[in-house]
Amino acid sequence: MGKTSRWVNRRATHYIDSEAATCCHPDCYKPSFEDMATVIPLCEEHVYVVYRQTNQILGTRTGVDQQYELLPMEAEFIPGPCPGCGTTGLLVGLANGIVECRAGSCTYSQERTKFGAHRRKLMGIAAGRRSVVYYMRLGNRAKIGTSQGLASRLSSINPEDCMTFELGGRALEQRRHEQFRHLRVVGEWFDLTPELVRHVNDIQVVPIPA
Ligand SMILES: [Zn+2]
Ligand SMILES: [Zn+2]
């Protein structure tokens, strides 16, 4: 640390030292993630974005992405889309019980139980009467099931969180159960491992404004 190097991108010149490094992503001037500053200055969000993309590339090329564990910072994030902006995997649960979005200029911030209720409601509205495969979380377990009325399904199960859903019926559900067979605990319940968290975060659900 303390060594000064210079990074240039098309927008600006970033002078880097361990005190004042800013993220080198265009238009992002958040402080660099401390341990990264002297390697490549990226903020916490963009370290995570690069890490995810790298895993995806390596996984596609080699089929071995399961060997990558979640980063500690990634593990703090709540899987699934932000109810405010739709960005996946960038909601963080703070020690004071607040859930906050770390994506760009998103200002979503909500008390944890309200967040759970809020996301259940939004997911129910977004799914409507369409046939979906849903991912519900209870502790470190995830239920993968199918429904044609997600809102009423959610109120009967009342999970801590409805992480996400994808459009599809029984055939897709069977495919997902097969895909994550090695994580199965019982019935439709699976261990919420890094592999499953990444799968949830790769699904894009367009949020419906409250
Ligand atoms: Zn950044
Ligand atoms: Zn957000």
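Analyst: Let's agree on one term before we start: two strands count as paired if DSSP finds at least two bridges between them. In this predicted model, S5 and S6 qualify, with three bridges and an antiparallel sense. Val99 sits opposite Gln110 of S6 in that pairing.

User: Which strand pairs with S5 over three bridges on the S4 side, and in what sense?

Analyst: That's S4 itself: residues 91-93 of S4 and residues 98-101 of S5 run antiparallel, joined by three bridges. As an example of register, Val92 has Glu100 of S5 as its bridge partner. Have a look at the hairpin too: four residues lie between S4 and S5, and Gly97 has a positive phi near 85 degrees.

User: What is the strand order of the open sheet that holds S4 and S5?

Analyst: Read it as S3-S4-S5-S6, four strands with antiparallel pairing. S3 (77-78) and S6 (109-111) are the edge strands, each pairing on one side only. Helix H3, residues 112-127, lies across S4, S5 and S6, at about 110 degrees to S6.

User: How do I read the side chains along a strand? Which residues of S5 point to the buried face?

Analyst: The general idea is that in a regular strand, side chains alternate between the two faces of the sheet. In S5, Val99 and Cys101 point to one face and are buried, whereas Ile98 and Glu100 point to the other and are not.

User: Now the other sheet. What order do its five strands take?

Analyst: Here the order is S9-S7-S8-S11-S10, again open and with antiparallel pairing. S9 and S10 (184-186) are the edges: each has a single partner strand, so one side of each has no neighbour in the sheet. On average, neighbouring strands of this sheet are turned by 30 degrees against each other, ignoring direction. If you want a pair to zoom in on, try S8 and S11, antiparallel and joined by three bridges; Arg141 faces Asp191 of S11 there.

User: Which helices go with this sheet, and at what angles?

Analyst: H4 (residues 150-157) lies across S7, S8 and S9, at about 25 degrees to S7. H5 lies across S7 and S8, at about 160 degrees to S8. Then there's H6, residues 194-202, whose buried residues are Leu196, Val197, Arg198, Val200 and Asn201. Those buried residues pack against S7 (132-138), S8 (141-147), S9 (161-167) and S11 (189-191).

User: How many residues make up the largest nonpolar core?

Analyst: As a rule, nonpolar side chains in soluble globular proteins tend to be buried together. The largest core here has 20 residues, and Met123, Tyr134, Tyr135, Ala142, Leu150 and Phe165 have the most contacts inside it. H3, S7, S8, H4, S9 and H6 each give at least two residues to this core, and S7 has the largest share, with five. To see the packing from one spot, centre on Ala142: setting aside neighbours within four places in sequence, its contacts are Tyr135, Met136, Arg137, Met163, Phe190, Leu192 and Leu196.

User: What about the opposite case: why does Asp27 count as exposed?

Analyst: It's a matter of neighbour counting. Asp27 has 9 C-beta neighbours inside 10 Å, so Asp27 counts as exposed, the cut-off being 12 or fewer. Asp27 belongs to the loop between S2 (13-16) and H1 (44-62). The backbone deserves a look as well, since phi of Asp27 is near 70 degrees, a positive value in a residue other than glycine.

User: Last one: which elements have the lowest and the highest mean pLDDT?

Analyst: The rule to keep in mind is that where pLDDT is low, the predicted coordinates should not be read in detail. Strand S1 (residues 5-8) has the lowest mean, 43, and H5 (residues 170-179) the highest, 97. Over residues 1-14 pLDDT stays under 50, although the model has 25 contacts beyond four places in sequence for that stretch. The protein as a whole averages 81, with 80% of the residues scoring at least 70.

User: And the overall tally: how many helices and strands are there?

Analyst: Six helices and 11 strands. Of the 210 residues, 30% count as buried. Among contacts with a separation of 6 or more, 43% are between residues 24 or more positions apart.

Definitions and conventions:
Residues numbered from 1 in each chain as written. Chains lettered and ligands numbered in written order. Contact = placed C-beta atoms within 7 Å. Axes fitted to C-alpha atoms, helices over the stretch in contact; angles between N-to-C directions. pLDDT = per-residue confidence, 0-100. Core = buried A, V, L, I, M, F, W, Y, C linked by C-beta atoms within 7 Å.
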